[in-house]
Amino acid sequence: MQFIPERQATILARLQRDGRVVSTALAEELEVSVDSIRRDLHELEAAGRLQRVHGGAVRPLPGKTQFLERLEDDEPRRELLAGRAAELIADDQLIAVGGGTTALEWAQALRRDLRATVLTTSLDVASALRTHPAVTVDVLGGRLDRASQTLTGAGTVEQLRAVRPDVCIVSPCWLHLEHGVTLRERAEAEVVKAMIERSRRVIAIAGETKLGWAGPYVVAETEQLDALVTDGPEPVIVEFGRLGIELITP
């Protein structure tokens, strides 16, 4: 029988190899009780090494959970991708955009002579556009979700039912070929899902680190995307192109 550090090292090795582990299978392999495995998983989750799910654990999802934490990161690639997405906006369009650091970069990158209306749930996006000379800003009302720093709630979703945006700019937490466009926060996801469903064209901005992962809340199937702005490797993004998604790279 292994000591606890050895046992936990084995668990992490299995997780790295398979992407997930099952508590009962680990207990049988390591010849310990399921309760012992649960304690190991609890300790490893507290250390940020894995994410517990029903019956076992999966590898932790990449990315910081809080908007304000991500805002402190200096990511030149994020600015580059946001700038490419900003180039796709035409005059006289109504653009729906949620929150996130990439959405904020997108707002700051809009050309100064653009005439358009931005409909947003993000106070940060609205603030970034407050000095833009020709962009009208409409802020959807709701309750502030502190993790995503966006306005959310049933009333926010109801307001979206009264509009038909030309474009939706979505910056998902993760994008998976099979599992779709996903976010971390449920309240934010409900609003972004409504944005996507009401928009004529959907443009996703997803850097390499977001590709191939899936979070808990699905806001769109991959096929609902019209365009993907990404710096992902060609062998990965070509699969998105095969779904009819326009690929836009730096």
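Begin the tour by selecting helix α7, residues 123–128, where L123 is found; helices here are DSSP runs of H or I with at least four residues, and strands are runs of E with at least two, numbered from the N terminus. The model is predicted, so local features need pLDDT of at least 70 and side-chain atom pairs 80 or more, while totals for chains, interfaces and linings use all residues. Residues are numbered from 1 along each chain as its sequence is written, and side-chain values use heavy atoms, without hydrogens and water.

L123 is partly exposed, at 46% relative accessible area (buried is under 20%, exposed over 50%, partly exposed in between, with a 1.4 Å probe and protein chains only). Add V139 and L144 to the selection, and the three make a nonpolar surface patch of about 240 Å² (residues over 30% relative accessible area without a salt bridge, nonpolar side chains joined within 5 Å and like charges within 9 Å; a salt bridge puts a Lys or Arg side-chain nitrogen within 4 Å of an Asp or Glu carboxyl oxygen).

Next, colour the open parallel sheet of seven strands, ordered β6-β5-β4-β9-β12-β14-β15, in which pairing requires at least two DSSP bridges. Its edge strands are β6 (135–139) and β15 (246–248), each pairing on one side only. Strand β5 (residues 116–120) runs parallel to β6 and is joined to it by five bridges, with A116 standing opposite V135 in β6.

Finally, select the cysteines C168 and C173: the whole structure holds zero disulfides (sulfur pairs within 2.5 Å). The sulfur of C173 is 14 Å from that of C168, its closest cysteine sulfur, and therefore too far for a bond. C168 is buried, at 0% relative accessible area, and C173 is buried at 18%.

Methods: Accessible areas come from the Shrake-Rupley method with a 1.4 Å probe; for residues, only the protein chains shown count as cover.
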